[in-house]
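Visitor: Got a minute to walk me through this one? I'd like to talk helices, cysteines and a few odd residues.

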Amino acid sequence: MAEPYYKRVLLKLSGEALGGDQGYGIDPKTITTIAREVKRVVELGVQLSLVIGGGNIFRGLAASSKGMDRASADYMGMLATMINSLAMQDALEKVGVDTRVQSALGMAEVAEPYIRRRAIRHLEKGRVVIFGAGTGNPYFTTDTAASLRAMEIGADVILKGTKVDGVYSADPAKDASATKYQTLDYIDVLKKGLQVMDATAISLCMDNSLPIIVFDVTTDGNVCRVVCGESIGTLVKGA
């Protein structure tokens, strides 16, 4: 079995990733596939945490653009991430992975409160920790939550799992001339407006020199390959 290059990682998944081909809701086959992939990574001895978006259930930004109060829409989005987090916890425990969900919003009946030291202790004991409800504040995305939690737990890298195999100069599905970047500087991402993570998340990573790897999470075995240091996807780092 390959030796992991990264010892502690945060895997960021979009809510749409759980929707599978339908793109909305939670597809049981897709979530089970992701759970098995996570299990392989944990078996390598890697300490793994997760942040999952809520776009497959409710998208706060889209709702606020149609007239809903932004703060209310964002809180609804946070609740959507909790639904995904609990679904992922169930899928992981079905394949034999000890998992804890920590929520940035108080909901003691279904999840632990987010406590940094407790999260680190869970990771040290080999448990997967899923951080739900974003940062617990409106006007921040789950990308920002992923950057923040990754730094708080001392992660080596953020793995951004998407449906494409890296970052391109344009949408490869619409533009045949789009070129894939192997590596990018944080500044380039911000200047070119590339859809890696939102600007707040990129700035946080840049200020703290936390690398981001954007890769295709739908290909079987890719999470393990990235964790073991294979050059997959696009690496975003400092100059």
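Guide: Sure. One definition before we start: helices here are DSSP runs of H or I with at least four residues, numbered from the N terminus. Also keep in mind that this is a predicted model.

Visitor: Fine. Where does Lys191 lie, then?

Guide: Lys191 is in helix H7, which covers residues 186-192.

Visitor: Is Lys191 buried or exposed?

Guide: Exposed: the relative accessible area of Lys191 is 71%, and the cut-off for exposed is over 50%.

Visitor: And how far apart are Lys191 and Arg116 in space?

Guide: Their C-alpha atoms are 33 Å apart, with the two positions 75 residues apart in sequence.

Visitor: Let's do helix packing. How do you describe a packed pair?

Guide: With two values, the angle between the axes and the distance between the axes.

Visitor: OK, what are those for H6 and H8?

Guide: Helix H6 is residues 142-152 and helix H8 is residues 199-207; their axes come within 7 Å and cross at roughly 20°. An angle under 35 degrees counts as roughly parallel, so H6 is roughly parallel to H8.

Visitor: Is the crossing of H6 and H8 left-handed or right-handed?

Guide: Left-handed. On the H6 side the contact is made by Asp143, Thr144, Ser147, Leu148 and Met151, and on the H8 side by Thr200, Ala201, Leu204 and Cys205.

Visitor: What's that contact like by residue class?

Guide: A mix: five nonpolar residues, three polar and one charged in the contact of H6 with H8.

Visitor: Staying with H6, how many of its residues are buried?

Guide: Eight of the 11, so H6 is mostly covered. The buried ones are Thr142, Asp143, Thr144, Ala145, Ala146, Ser147, Arg149 and Ala150.

Visitor: What do the buried residues of H6 pack against?

Guide: Quite a list: strands E1 (8-13), E2 (47-52), E5 (128-132) and E6 (157-162), plus helix H4 (70-94) and H8.

Visitor: H4 again. How does H2 cross H4?

Guide: Helix H2 is residues 28-43, and its axis comes within 9 Å of the H4 axis, with a crossing of roughly 60°. That angle makes H2 oblique to H4. The crossing is right-handed.

Visitor: Which residues make the contact of H2 and H4?

Guide: From H2, Ile31, Ile34, Ala35 and Val38; from H4, Ala87, Met88, Ala91 and Leu92. By class that is eight nonpolar residues, with no polar and no charged ones.

Visitor: Why would positions spaced like that end up together on a helix?

Guide: An α-helix has 3.6 residues a turn, so residues three or four places apart point the same way.

Visitor: Switching to cysteines. How many disulfides are there?

Guide: Zero, searching the whole structure.

Visitor: Why is there no bond between Cys228 and Cys224?

Guide: The closest cysteine sulfur to that of Cys228 is the one in Cys224, and it is 6.2 Å away, which is too far for a bond because a disulfide needs the sulfurs within 2.5 Å.

Visitor: And Cys205, from the H8 contact: buried or exposed?

Guide: Buried, at 0% relative accessibility.

Visitor: Now the odd backbones. Which residues other than glycine have a positive phi?

Guide: Ala133 is one of them, with phi of about 65°, and Ser209 is another, with phi near 50°.

Visitor: Where are Ala133 and Ser209 placed?

Guide: Both sit in loops: Ala133 in the one between E5 and H6, Ser209 in the one between H8 and strand E10 (212-216). Ala133 is buried, at 0% relative accessible area, whereas Ser209 is exposed, at 59%.

Visitor: Since E10 came up, what does Ile213 touch?

Guide: Ile213 is in strand E10 and is buried at 8% relative accessibility. Leaving out residues up to four places away in sequence, Ile213 touches Tyr6, Val157, Ile158, Leu159, Lys160, Val226, Ile232, Thr234 and Leu235.

Visitor: Last one: what is Asn222 in contact with?

Guide: Glu37, Phe215, Asp216 and Ile232, again setting aside neighbours within four places in sequence. Asn222 is in helix H9, residues 222-227, and counts as buried at 7% relative accessibility.

Notes
Residues numbered from 1 in each chain as written. Predicted model: local features only at pLDDT ≥ 70, side-chain atom pairs only at ≥ 80, totals over all residues. Heavy atoms only, no water. Axes fitted to C-alpha atoms, helices over the stretch in contact; angles between N-to-C directions. Helix = DSSP H or I, 4+ residues; strand = E, 2+ residues; numbered from the N terminus. Parallel < 35°, antiparallel > 145°, perpendicular 65-115°, else oblique. Left-handed = near helix turned anticlockwise from the far one by under 90°. Contact = heavy atoms within 4.5 Å. Nonpolar A, V, L, I, M, F, W, Y, C, P; charged D, E, K, R; others polar. Buried < 20%, exposed > 50% of the residue type's maximum accessible area, 1.4 Å probe, protein only.
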